Amino acid sequence: MSDPSPTEDLEDLYETAPCGYVSISPAGIIVKANRTIAEWLGRPAGELVGTPVHEILGFGGKIAFETHLAPLLRMQGHVHEIALELITAEGEKVPTIANAAEKREADGSHRFTRLTLFRAVDRRKYERTLLDARAKAEAETKVQREAALLREQFIAVLGHDLRNPLAALAAGVRLLGRKEKLSERGLTILEEMNGSLARASVLVDDLLDLARGSLGGGFAIDRSNAPLTPILKQVVAEMRSIAPERTIGASIEVEDPVYCDRGRIGQLASNLLANAISHGARDGPITFEAATTGNLFILSVANAGAPIPEKVMERLFQPFFRGAIRPSRNGLGLGLYIASEVAKAHDGRIDVTSDRKETRFTFAMPRSEPVTPKVE
Amino acid sequence: MESAASSSVLRRHNVQVSGSGERTMMFAHGFGCDQTMWQPVARNFERDFRTVLFDYLGHGQSDASAYSTERYSSLDAYADDVVEIGRALELRDAVFVGHSVSAMIGALASLKAPEMFCDLVMVGPSPRYIDDEGYRGGFSREQIDELLQFLADNHLGWSAAMAPAIVGNPDRPELGSRLENSFCRTDPAIARDFARATFLSDNRGDLGSVRARALVLQCSDDIIAPVQVGEYVHSALPRSEFRLLNATGHCPNLSAPDEVTTAIREFV
């Protein structure tokens with residue numbers, strides 16, 4: 001047995017629906033309104049008929065009705081999901097969400113506009129809380145950005161200013177070595193000082209590169225088609241002399257031209273090799289390969305040793321990141337960051353694969369001059 | 001032949017040129033929507049005028065990336081843009097038809113480039129929206145904040161992440177394919193700036209220097225530009241005609257395009 005379905009009373013549905021109904025003439029006069037909205041507004045339903053719709057709208061809604069809603073209704077026939085504030089007889093605001101549609105004659109002329117409104121007190125409160133939170137977050141981000149900029153400018157200035165005393169020290173050490181008679185012990189100390197100076201210079205250069213990269217200037221690169229092979233050979237030779245105890249196998253088959261900044265590509269190669277030397281297994285070989293295939297220049301450096309953990313992998317190219325597995329003897333953790341910035345500046349990228357067999361960094365970039373669209 | 005600079009101005013403002021005729025009639029939209037507002041009227045003039053429609057930066061299909069909050073803090077910058085478009089099109093003795101705040105922008109443009117526009121049609125003009133001593137603009141300063149609140153609550157048709165997807169509109173094919181609410185699609189930050197520049201403007205002092213012939217088209221029941229403000233503009237301009245339209249509301253170009261067309265035709 002089932003209950004007979006109750007029939008809906010359309011008149012009652014209109015009057016007491018859980019939403020407000022208002023119909024407005026083309027001149028903006030209310031021609032019909034239901035009881036629900038009259039109750040929200042604290043006015044008798046009959047009193048609403050004949051009053052301009054402006055009287056029940058908050059000021060913002062009034063202006064927006066003229067500047068936005070009326071034109072949209074004329075042009076597209078409807079407007080949905082507008083946040084409108086109504087004003088009660090007591091002058092209080094009732095936030096609503098409104099849909100509106102034009103009722104038109106057969107010839108397309110405007111007969112009246114139907115508005116359906118839903119109370120949205122909590123929703124509006126929620127939305128405004130979100131807006132406030134966003135404004136606050138934006139303000140905080142701005143402050144932080146400014147602080148970061150200052151910090152980076154400080155690094156840039158510091159790095160730059162450190163170069164002069166370093167150059168003076170280097171000149172002094174050189175003079176001592178050439179012009180002064182030194183004991184055996186003195187010569188050893190001098191050589192160690194030279195090594196320290198060279199390391200300090202590399203650190204300062206890295207700092208300056210970092211500052212340039214993060215200050216938005218990007219890495220200045222100066223591309224040309226000059227031969228790349230000599231630079232790569234030189235880098236490999238340097239690294240072999242820095243780490244004579246390691247085996248570095250090299251294969252360089254580069255067909256010129258490769259349109260790049262040779263100094264920067266040399267720096268990238270050097271950084272990848274230095275990384276392999278610091279993090280690869282002491283007793284495993286390092287392989288360095290550079291080749292051109294089609295329109296690509298590809299350079300890869302592989303070493304043996306434990307695979308890079310996934311967590312480390314994610315942050316590998318971030319500045320100041322140092323595997324944290326063991327404290328690095330030197331460096332700021334900028335080598336891979338700078339290598340990846342150099343790659344980006346050449347429209348290339350560095351990919352990493354790492355398993356039990358080997359860890360391999362592969363840099364690939366287009367060989368030829370990029371075709372830039374003509375600027376008018 | 002257009003130079004690269006002028007074609008970039010025209011692209012930046014989504015300038016649409018149609019029709020043919022000796023004289024040019026340039027239509028400027030007001031605060032709220034875009035150049036679509038003028039289409040029902042502009043098309044009536046295409047037979048005997050070259051018609052020009054455009055969007056202010058940040059509105060309609062303009063290039064919002066060229067916008068800067070600092071530059072557009074007053075109506076002057078908008079008038080500069082009008083002059084720049086006029087120069088790109090080599091306008092002389094043209095008709096400028098401005099709706100709402102654009103009526104005053106047109107007057108400012110005619111002061112900056114007197115040879116460009118000799119006739120101004122000002123639809124619902126107001127040289128100052130906020131009440132002042134001895135002047136009733138119809139607005140109070142607090143009310144402007146309520147308007148800004150409305151704009152913050154409603155990003156009509158705007159979403160920064162909006163893909164250039166196009167939806168069809170089978171019910172009203174004459175609209176072509178445009179996105180929901182896209183006529184009033186304005187970058188929220190720009191809408192806010194434009195609302196400030198518009199409703200906090202005071203250009204009463206400029207009206208006396210306007211040398212162009214002007215037609216003030218006033219709507220009967222316009223809460224944004226009330227009749228007394230239209231009359232004020234008429235009396236402050238050296239050479240103007242005043243015409244009260246039967247149309248009500250603030251957008252007669254949409255609600256009564258034929259009446260507006262007739263009034264403009266009789267004036268020019």
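Start where the two chains meet: in this predicted model, 30 residues of chain B are in contact with 27 residues of chain A. On the chain B side, the elements that give two or more residues to this meeting place are α1 (4–12), α5 (141–153) and α9 (252–255) of chain B. The biggest giver there is α5(B), with seven residues. Sort that side of chain B by class and you get 15 nonpolar, 11 polar and four charged residues.

Now step back and look at each chain. Chain A has 376 residues, and buried ones make up 27% of them. Its secondary structure comes to 10 helices and 10 strands. Chain B has 268 residues, of which 49% count as buried, and it holds 10 helices and seven strands. What about contacts between residues that sit far along the sequence from one another? Take the contacts with a separation of 6 or more: in chain B, residues 24 or more positions apart account for 74% of them. In chain A, that share is 57%.

Next, have a look at the sheet in chain A. It is an open sheet of five strands in the order β2-β1-β5-β4-β3, with antiparallel pairing. Since β2(A) and β3(A) each have a single partner strand, they stand at the edges, so one side of each is left without a neighbour in the sheet. Neighbouring strands here are turned by 30° against each other on average, if you ignore direction.

Strand β1(A), residues 20–24, is a good one to follow through that sheet. Strands of a sheet pair through backbone hydrogen bonds, either parallel or antiparallel. On one side, five bridges join β1(A) to β5(A), residues 110–119, and the two run antiparallel. Gly20(A), for instance, has Leu117(A) as its bridge partner in β5(A). Strand β1(A) is also joined to β2(A), residues 30–33, by three bridges, again running antiparallel. Within that pairing, Ser23(A) has Lys32(A) as its bridge partner, and Val22(A) stands opposite Ala33(A). The hairpin that β1(A) and β2(A) form has five residues between the strands, and Gly28(A) in this hairpin takes a positive phi near 85°.

Which residues of β1(A) point to the buried face? In a regular strand the side chains alternate between the two faces of the sheet. Along β1(A), Gly20(A), Val22(A) and Ile24(A) point to one face and are buried, while Tyr21(A) and Ser23(A) point to the other and are not.

From buried residues it's a short hop to the cores. The largest nonpolar core has 107 residues, and Ile105(B) and Met122(B) touch the most other members. Helix α4(A), residues 59–76, supplies the largest share of this core, with nine residues. Leaving out residues up to four places away in sequence, Ile105(B) touches Ala28(B), Leu75(B), Tyr78(B), Ala79(B), Val82(B) and Gly98(B). Apart from this core lies another one, of 35 residues, among them Cys260(A), Ile265(A), Ala274(A) and Leu334(A).

A few spots in the backbone deserve a pause. Most residues other than glycine have a negative phi, and most peptide bonds are trans. Glu81(A) goes the other way: its phi is near 55°, a positive value in a residue other than glycine. You'll find Glu81(A) in strand β3(A). Is Glu81(A) buried or exposed? It counts as exposed, because it has 12 C-beta neighbours inside 10 Å. Ser100(B) has a positive phi too, of about 60°, although it is not a glycine. This serine, Ser100(B), is found in the loop between β4 (94–99) and α4 (101–112) of chain B. With 27 other C-beta atoms within 10 Å, Ser100(B) is buried.

There is also a cis peptide bond to look for: it joins Asp256(A) and Pro257(A), with omega about 0°. Pro257(A) lies in the loop between β6 (248–253) and α8 (262–279) of chain A.

Last stop: Gly177(A), in helix α5(A), residues 121–179. It has 15 C-beta neighbours inside 10 Å, so Gly177(A) counts as partly exposed. How far apart are the C-alpha atoms of Gly177(A) and Leu187(A)? These two residues are 10 apart along the chain, and their C-alpha atoms are separated by 7.3 Å.

Technical notes:
Residues numbered from 1 in each chain as written. Chains lettered and ligands numbered in written order. Predicted model: local features only at pLDDT ≥ 70, side-chain atom pairs only at ≥ 80, totals over all residues. Buried ≥ 20, exposed ≤ 12 C-beta atoms within 10 Å, placed from the backbone. Helix = DSSP H or I, 4+ residues; strand = E, 2+ residues; numbered from the N terminus. Pairing = 2+ DSSP bridges. Contact = placed C-beta atoms within 7 Å. Nonpolar A, V, L, I, M, F, W, Y, C, P; charged D, E, K, R; others polar. Core = buried A, V, L, I, M, F, W, Y, C linked by C-beta atoms within 7 Å. Axes fitted to C-alpha atoms, helices over the stretch in contact; angles between N-to-C directions.
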